[in-house]
Amino acid sequence: MNKIKFPIGLVIGVSFGLLVAFIAFVNYSTVSTLSESKEINEDMATIHTPSVDILKELKLLVIQAKSLAVYWVENDVPIDNERKQELLKIINVKYPTLKSKLLQISNNWDKDEAKKIDHIFIQIHSLFDDCDIIINQLQTIDDYSYYRKENTASMLEGFDAFEGLEELVGGTTPKQVVNE
């Protein structure tokens, strides 16, 4: 058999070259993995976590508004009552502020996620329209005596449509929240 003999310098040079190439490949893959990880963490910190927080706050606000609207119908207390004022504050101050924040952050969502938030806003707007009707029809204690004859429970019939809103706003990431 013929054995091919390589000079020792060539063997050492090729081995060292392979070692350098392997180290360069490992460094490149480490840097690219770290860059991807940094981008994912940045998205989580600037988009996903704030989105989930705002959506959870929105869910709580809707549940609270519904509860306060039911209170408004069932309790013939003056309009300056603390709970009635809280409903007005939700409709006129808290919700518009929260909606603005959500619209701003939803600009960073996928298009499908951003579309679904429009559906949520339509449902919430419908809820607040119903709340406005209740508020406008039940301003004074005399209004309650008139509507008691007509059964104030009928004022709350449309609220069943908002049971599903809790599920729409109940996930852990914007995509899950909007898809549910």
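Tutor: Let's start with a term: accessible areas here come from the Shrake-Rupley method with a 1.4 Å probe. The model we are looking at is predicted, and its chain exposes about 11,900 Å². Carbon and sulfur atoms supply 57% of that area.

Student: Thanks! Which elements does the chain have, and in what order do they run from the N terminus?

Tutor: The order is α-α-α-α-α-α, with six helices and zero strands in the chain. Of its 180 residues, 29% count as buried.

Student: What share of the contacts between residues at least 6 apart in sequence join residues at least 24 apart?

Tutor: That share is 70%.

Student: Let's turn to the rings. Why is the pair of tyrosine 95 and phenylalanine 121 called edge-to-face?

Tutor: There are two aromatic pairs in the chain. In this one the ring centres are 6.5 Å apart and the planes stand at 70°. Pairing asks for centres within 6.5 Å, and planes over 60 degrees apart count as edge-to-face, so both conditions are met.

Student: And what makes this pair a tie between parts of the chain?

Tutor: Tyrosine 95 belongs to helix H2 (residues 82–106) and phenylalanine 121 to helix H3 (residues 111–137), so the pair ties together parts that are 26 residues apart in sequence. Both tyrosine 95 and phenylalanine 121 are buried.

Student: How do you know that tyrosine 95 and phenylalanine 128 form an aromatic pair?

Tutor: Their centres lie 5.0 Å apart, with 75° between the planes. Set against the limits of 6.5 Å and 60 degrees, these rings therefore pair, and they do so edge-to-face. This pair also links distant parts of the chain, with tyrosine 95 in helix H2 and phenylalanine 128 in helix H3, 33 residues apart. Tyrosine 95 and phenylalanine 128 are both buried. Together, Tyr95, Phe121 and Phe128 form one aromatic cluster.

Student: Which charged end sits over the ring of phenylalanine 121?

Tutor: Lysine 99 places its charged end there, 5.1 Å from the ring centre. The distance limit is 6 Å, so the value falls within it. Arginine 83 does likewise over the ring of tyrosine 71, at 4.2 Å from the centre.

Student: Why is phenylalanine 22 called exposed?

Tutor: Its relative accessibility is 52%. Exposed means over 50%, so phenylalanine 22 qualifies. Phenylalanine 22 is found in helix H1 (residues 8–74). It also belongs to a nonpolar surface patch, with Phe16, Leu19, Val20, Ile23, Phe25 and Val26, and the patch has about 690 Å² of accessible area together.

Student: What makes glutamate 86 and lysine 94 a salt bridge?

Tutor: Their closest N and O atoms are 2.6 Å apart. The cut-off is within 4 Å, so the two form a salt bridge. The structure holds one salt bridge.

Student: Are these partners buried, partly exposed or exposed, and how do you know?

Tutor: Glutamate 86 has a relative accessible area of 21%, and lysine 94 has 30%. Buried means under 20% and exposed over 50%, so glutamate 86 counts as partly exposed. By this rule lysine 94 is therefore partly exposed as well.

Student: Last one! Why is aspartate 43 called partly exposed?

Tutor: Its relative accessibility is 32%, and partly exposed covers what lies in between 20% and 50%, so the label fits. Aspartate 43 is found in helix H1. Aspartate 43 and asparagine 108 are 65 residues apart in sequence, and their C-alpha atoms are 9.3 Å apart in space.

Key. Residues are numbered from 1 along each chain as its sequence is written. This is a predicted model: local features need pLDDT of at least 70, side-chain atom pairs count only at pLDDT 80 or more; totals for chains, interfaces and linings use all residues. Side-chain values use heavy atoms; hydrogens and water are left out. Helices (H or I, at least four residues) and strands (E, at least two) are DSSP runs, numbered from the N terminus. Buried means under 20% relative accessible area, exposed over 50%, partly exposed in between (1.4 Å probe, protein chains only). Contact means heavy atoms within 4.5 Å. Rings of Phe, Tyr and Trp (its six-membered ring) pair if their centres lie within 6.5 Å; planes under 30 degrees apart count as stacked, over 60 as edge-to-face and the rest as tilted. A charge sits over a ring if NZ of Lys or CZ of Arg is within 6 Å of the ring centre and within 35 degrees of the ring normal. Patches are made of residues with over 30% relative accessible area and no salt bridge: like charges are joined within 9 Å, nonpolar side chains (Val, Leu, Ile, Met, Phe, Trp, Tyr) within 5 Å. A salt bridge is a side-chain nitrogen of Lys or Arg within 4 Å of a carboxyl oxygen of Asp or Glu.
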